[in-house]
Amino acid sequence: MFRSLKDKLKSFTTKASKELEDLEEGKDNGKVKEEKGEKKKKAKKEKPPKKSKGEKRAKKPVADEEDMFAEKRTGKKLRDGKLDDLLWDLEMALLESDVALPVVEKIKSSVKDDLLGRKVRRGVDLGSAVEASLKHAIAEVLAQNPVNFDAFIKSHEKPVILMFVGVNGTGKTTVIAKIAHRLQKGRISCVMAAADTFRAGAIEQLQRHSEKLGVKLIKHQAGADPAAVAYDAIEHAKARHKDVVLVDTAGRMHSNINLMDEMKKIKRIAPPHMIIFVGDALSGNDTVIQAQKFDETVGIDCAVLTKIDADAKGGAALSIAYAVGKPIAFVGIGQEYDDLVTFNPKWMVNRLFGEDT
Ligand SMILES: Nc1nc2c(ncn2[C@@H]2O[C@H](COP(=O)(O)OP(=O)(O)OP(=O)(O)O)[C@@H](O)[C@H]2O)c(=O)[nH]1
Ligand SMILES: [Mg+2]
């Protein structure tokens, strides 16, 4: 998982630490008071411009970062020219990993803001300081309006309608089965709607999952109106007091106007409380573009990224939240029902920097 991106970030921090090692020491040693209030003032001066509320919140997880930098004027200073060279390397590493351009820019400028003109405390390994800054930048791009799926389901009036959308073969049907399994474990009842009446075999595929899991399936015949299937599933859930309706939909290219219109119709006839975009992590930046198109057409609330288990690059996972402005709720990490993980920035940062693998 994310092997190639992880290696690239590692070689970036290693190179940064070597390149910056020979930099000058700060000059005004000893003159600065150690008194607490004074220290705080200095720290304030050296910090980059004010950040928005969201950005401030995202900064918290990297608790050790502040300890890396010298608040007084001693320590190793990071010089502008060297930093620009290094940021170029970082840009290349991110682009090669299929990270979307605005996200590359954001990470770069965040690392630059963080490091430029700051001094690294004596005794602190420069690589660790650069890594802390990178972790902070990555946590920041991932922290977009986080979604708490379980709390959403629990607190919402029942039945909660969830509609799954995305292009062909990204894993929508599999994600529905995994979510049904997750809900069952939490003692939340659900019903599935086989609203992919378009692809041959799609109804049978969902039926197999419903039988394995023991979940009620509402289906019509192949070729039937998918909006009617979703509507019936909601009626069933209301009559039988089921908590959640999971609406499967046909995979569609975002460029296919007829199918995109059909999706709008499902939304109109069977209004969902949450529209979940399912994207294949392996498609990298394409997945980001698809999410943007689906968002423009029906408005997505969050994303699930699948096939993360086979994704070495990590570009889609790093980019989608910032580029689309919608959070990743879950990631799929395999083909078993339990292979669905709640996504949060810390999970991703830990995987990229090796504290958890
Ligand atoms: N390795 C891996 N494979 C996955 C994951 N999620 C789904 N798949 C596989 O991806 C393939 C397509 O999954 P589906 O659930 O049928 O995809 P879909 O989006 O419903 O496809 P259409 O209905 O054709 O649009 C299947 O072989 C799944 O087993 C995952 O997280 N990891
Ligand atoms: Mg499907």
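Colleague: What share of the 357 residues in the chain is buried?
Modeller: This is a predicted model, where local features need pLDDT of at least 70, side-chain atom pairs count only at pLDDT 80 or more, and totals for chains, interfaces and linings use all residues. Residues are numbered from 1 along each chain as its sequence is written, while chains are lettered from A and ligands numbered from 1 in the order in which they are written. A residue is buried if 20 or more other C-beta atoms, placed from the backbone, lie within 10 Å of its own, exposed if 12 or fewer, and partly exposed in between. Among the 357 residues of the chain, the buried share is 46%.

Colleague: How many helices and strands does the chain have?
Modeller: Both are DSSP runs numbered from the N terminus: helices are H or I, at least four residues, and strands are E, at least two. The secondary structure of the chain comes to 15 helices and ten strands.

Colleague: Which helix gives the most to the largest nonpolar core?
Modeller: A nonpolar core is a set of buried Ala, Val, Leu, Ile, Met, Phe, Trp, Tyr and Cys residues joined through C-beta atoms within 7 Å. The largest one has 98 residues, and Ala193, Val245, Leu246, Val247 and Ile320 touch the most other members. With ten residues, the top contributor to this core is helix H7 (residues 126–142).

Colleague: Why is H7 called oblique to H14, and what is the crossing angle?
Modeller: Axes are lines fitted to C-alpha atoms over the stretch in contact, and angles run from 0 to 180 degrees between N-to-C directions. Under 35 degrees counts as roughly parallel, over 145 as roughly antiparallel, 65 to 115 as roughly perpendicular, and the rest as oblique. The axes of H7 and helix H14 (residues 315–324) come within 7 Å. H7 is oblique to H14 because of the crossing angle, roughly 55°.

Colleague: Which residues of H14 make the contact with H7?
Modeller: Two residues are in contact if their C-beta atoms lie within 7 Å. The contact of H7 with H14 has six nonpolar, no polar and no charged residues. H7 offers Ile138, Val141 and Leu142, and H14 offers Leu318, Ala321 and Tyr322.

Colleague: How many residues of H14 are buried?
Modeller: H14 is largely enclosed by the rest of the structure. Its buried residues include Gly315, Ser319 and Val324. The count is ten of the ten.

Colleague: Lysine 307 has a positive phi; is this residue buried or exposed?
Modeller: Lysine 307 lies in the loop between strand S8 (302–306) and H14. Its phi is about 60°. Lysine 307 has 20 C-beta neighbours inside 10 Å, so it counts as buried.

Colleague: Asparagine 145 has a positive phi too; is that residue buried or exposed?
Modeller: Asparagine 145 sits in the loop between H7 and H8, with phi near 30°. Because 11 other C-beta atoms lie within 10 Å, asparagine 145 is exposed.

Colleague: Where is the proline that follows a cis peptide bond from lysine 158?
Modeller: The bond from lysine 158 to proline 159 is cis, with omega near -5°. Most peptide bonds are trans. Proline 159 is found in the loop between helix H8 (149–155) and strand S3 (160–165).

Colleague: Which helix gives the largest share of the shell around ligand 1?
Modeller: Of the 21 residues around ligand 1, Gly171, Thr173, Thr174, Gly251 and Gly332 come nearest. A residue counts as near if its C-beta atom lies within 6 Å. With three residues, the largest share comes from helix H9 (residues 172–185).

Methods:
Ala, Val, Leu, Ile, Met, Phe, Trp, Tyr, Cys and Pro count as nonpolar, Asp, Glu, Lys and Arg as charged, and the others, Gly among them, as polar.
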